[in-house]
Amino acid sequence: MALNHVRRGSGSPLLLVHGLGAGWRSWSPILDELAERREVIAVDLPGFGETPPLTGEVSIATLTDSVVDFIREQGLDGVSTVGQSMGGRMVLELARRGVGGDTVALDPGGFWSDREVAVFGATLRPSIALVQALRGRLPALLGSPVGRTLLLAQFSARPWALSRETVLPDVRGLADSPSTGAALNALIKGPKQQGAPAGTVPGRVTIGWGRRDLVTLPRQAARATELFPDAALHWFQRCGHFPQWDAPHEATRLILASTD
């Protein structure tokens, strides 16, 4: 499957993999700043943005397969990869498979306990149902600090301080993307993320985590670094599940410093 994507900037290539939401536009808060230093390639995963859904099973494995195929088709062997949330899990899976180069995973999924993943599903499903029900009113609601706080408290440490333009693409993507439900099921019901023994990943691994993340909880960082012992851990203070929302300049600096 051909993945819709955008390319910006010049320099050493950097592949961005989004989570549930807007597709490549999830990276809009930091895309231009990254492109000042690097060639940035941001993809729409199957069933998100402008890429059609998979025709078969939707799982973390099959979504990751689509990225592996994209890397090979585009001649990007050894490319540094960055992912957030589900995309963070996927770039760690790429590293586990030995695909790509340096890896940056921001608030990755896949490291929940059984109880935590049950709570994740029980809280995120109603959130998605709510934004779907409010689809036509989202621009107005997200244009208000009160509306952003009510809708996005699970995702941001400071939703009132964000702009509508920052958050609207991802919230609309949660409501509209045809693969949101299937990908969410894959995260909840599928296997947890496997790790990579020391010395087996193809490049540096950096895991960034928001101290106030209410989706992938901060205590899960210890499990992630145990499973990926080569990883360096970076904490984003006063940051929720989306570092590109709550700490865009810090996220940009971390990505540029952690990849070649």
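Which residue stands opposite Leu 16 in β3? Keep that one in mind; Exercise 1 answers it.

A word on the model: this is a predicted one, where local features need pLDDT of at least 70, side-chain atom pairs count only at pLDDT 80 or more, and totals for chains, interfaces and linings use all residues. Residues are numbered from 1 along each chain as its sequence is written, and side-chain values use heavy atoms, with hydrogens and water left out.

**Exercise 1. Find the partner strand of β2, then the residue opposite Leu 16.**

Step 1: Get the terms straight. Helices (H or I, at least four residues) and strands (E, at least two) are DSSP runs, numbered from the N terminus. Two strands pair if DSSP finds at least two bridges between them.

Step 2: Look for bridges. Four of them join β2 to strand β3 (residues 39–43), and the two run parallel.

Step 3: Go across from Leu 16, and you land on Ala 42 in β3.

Step 4: Check how covered β2 is. Four of its five residues are buried (under 20% relative accessible area; exposed is over 50%, partly exposed in between, with a 1.4 Å probe and protein chains only).

**Exercise 2. Describe the surroundings of Thr 81.**

Step 1: Place Thr 81. It sits in strand β4, and β4 pairs with β5 in the parallel sense over four bridges.

Step 2: Find the bridge partner of Thr 81, which is Thr 103 in β5.

Step 3: Buried or exposed? Thr 81 counts as buried because its relative accessible area is 1%.

Step 4: List contacts (heavy atoms within 4.5 Å). Beyond neighbours within four places in sequence, Thr 81 meets Leu 15, Val 91, Leu 94, Asp 102, Thr 103 and Val 104.

Step 5: Now look at β5 (residues 103–106) itself. Thr 103 and Ala 105 are buried on one side, Val 104 and Leu 106 on the other, so both faces are covered.

**Exercise 3. Work out what His 18 touches.**

Step 1: Find His 18 in the loop between β2 (13–17) and α1 (28–35).

Step 2: Read its accessibility. The relative accessible area is 0%, so His 18 is buried.

Step 3: Look for a polar partner. A polar atom of the His 18 side chain lies 2.9 Å from the backbone nitrogen of Leu 45.

Step 4: Collect contacts, skipping neighbours within four places in sequence. Among them are Trp 24, Trp 27, Leu 45, Phe 48 and Met 86.

Step 5: Follow Met 86. With the same kind of neighbours left aside, its contacts include His 18, Leu 20, Ile 60, Leu 63 and Leu 187.

Step 6: Place Met 86 in a nonpolar core (a set of buried Ala, Val, Leu, Ile, Met, Phe, Trp, Tyr and Cys residues joined through side-chain atoms within 4.5 Å). The largest core has 59 residues, and Met 86 is one of those with the most contacts inside it, along with Leu 15, Leu 20, Val 67 and Phe 120. A second, separate core of 21 residues includes Leu 16, Leu 31, Leu 106 and Leu 256.

**Exercise 4. Check the length of helix α7 and say what covers it.**

Step 1: Work out the expected span, which is 1.5 Å times one less than the number of residues.

Step 2: Compare. The 13 residues of α7 (residues 164–176) should span 18 Å, and the end C-alpha atoms are 17 Å apart, which agrees.

Step 3: Pick out the buried residues, including Val 167, Leu 168, Val 171 and Leu 174.

Step 4: Name the cover. It includes α4 (114–133), α5 (138–142), α6 (145–152), α8 (180–189) and α10 (243–246).

**Exercise 5. Compare two residues with a positive phi.**

Step 1: Recall the background. Most residues other than glycine have a negative phi.

Step 2: Take Ser 85. Its phi is near 60 degrees, and it lies in the loop between β4 (80–84) and α3 (86–97).

Step 3: Take Arg 238. Its phi is about 50 degrees, and its loop runs between β7 (232–236) and α10.

Step 4: Compare accessibility. Ser 85 is buried, with a relative accessible area of 14%, whereas Arg 238 counts as partly exposed at 46%.

Terms used
Polar contact = N/O pair within 3.5 Å; in protein donor to acceptor, adjacent residues only side chain to side chain.
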